[in-house]
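Me: Please take a close look at a single part of this structure. I would like a connected walk through it, with its surroundings and anything unusual in the backbone.

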Amino acid sequence: MSIITNKDEFAHARIVDLVTREREIALSRREWKHRLAGYGFSIRETDAGDMVETLPHRTEVCVLPSIAA
């Protein structure tokens, strides 16, 4: 597993692309979270928006831009 640093904008962009692509495929928010767990990511809901975290250590990766429902 590679380490994602907070300053790696390229990695953040790829993760956001993956997360948004999976959100488009998923039928519900629960399924979306389940699909992301298969990639080793989780979503934590915060006041600032959805935060992408790594599993199992729950290290913050980035904040997701708001997704229009």
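Reply: Strands here are DSSP runs of E, at least two residues long, and they are numbered from the N terminus. The model is predicted. The part to look at is strand β2, which covers residues 49-54.

Start with how β2 is surrounded. Five of its six residues are buried, so the strand is largely enclosed by the rest of the structure. It also has a pairing partner on either side in sequence. Strand β1, residues 41-46, pairs with β2 in the antiparallel sense. Six bridges link β1 and β2. The two strands form a hairpin, with two residues between them. Strand β3 spans residues 60-63. β2 and β3 are antiparallel as well, over three bridges. They too form a hairpin, this time with five residues between the strands.

Now pick out single bridges. On the β1 side, Glu45 has Asp50 of β2 as its bridge partner. On the β3 side, Val52 is bridged to Cys62.

Asp50 deserves a closer look. Is Asp50 buried or exposed? Its relative accessibility is 18%. Buried means under 20%, so Asp50 counts as buried. What does its side chain meet? It makes a polar contact with the side chain of Arg29, at 3.0 Å. Arg29 also appears in the contact list of Asp50, which leaves aside neighbours within four places in sequence. Trp32 is on that list too. So are Ile43, Arg44 and Glu45. Cys62, Val63 and Leu64 complete it. Glu45, then, is both a contact of Asp50 and its bridge partner. Cys62 touches Asp50 and is bridged to Val52.

Next, follow the chain out of β2. Most residues other than glycine have a negative phi, and most peptide bonds are trans. The loop between β2 and β3 holds an exception of each kind.

The peptide bond comes first. Leu55 and Pro56 are joined by a cis bond, with omega about 0°. Pro56 lies in the loop between β2 and β3.

Then comes Arg58, found in that loop as well. Its phi is near 55°, a positive value in a residue other than glycine. This residue sits in the turn of the β2-β3 hairpin. Which class of exposure does Arg58 fall in? It is partly exposed, because its relative accessible area is 44%, between the 20% and 50% limits.

Put together, the picture is a largely enclosed strand with a hairpin to β1 and another to β3. The second hairpin has the positive phi of Arg58 in its turn.

How values were computed
Residues are numbered from 1 along each chain as its sequence is written. This is a predicted model: local features need pLDDT of at least 70, side-chain atom pairs count only at pLDDT 80 or more; totals for chains, interfaces and linings use all residues. Side-chain values use heavy atoms; hydrogens and water are left out. Helices (H or I, at least four residues) and strands (E, at least two) are DSSP runs, numbered from the N terminus. Buried means under 20% relative accessible area, exposed over 50%, partly exposed in between (1.4 Å probe, protein chains only). A polar contact is a pair of N or O atoms within 3.5 Å; within protein, one must be able to donate a hydrogen and the other to accept it, and residues adjacent in sequence count only if both atoms are side-chain atoms. Contact means heavy atoms within 4.5 Å. Two strands pair if DSSP finds at least two bridges between them.
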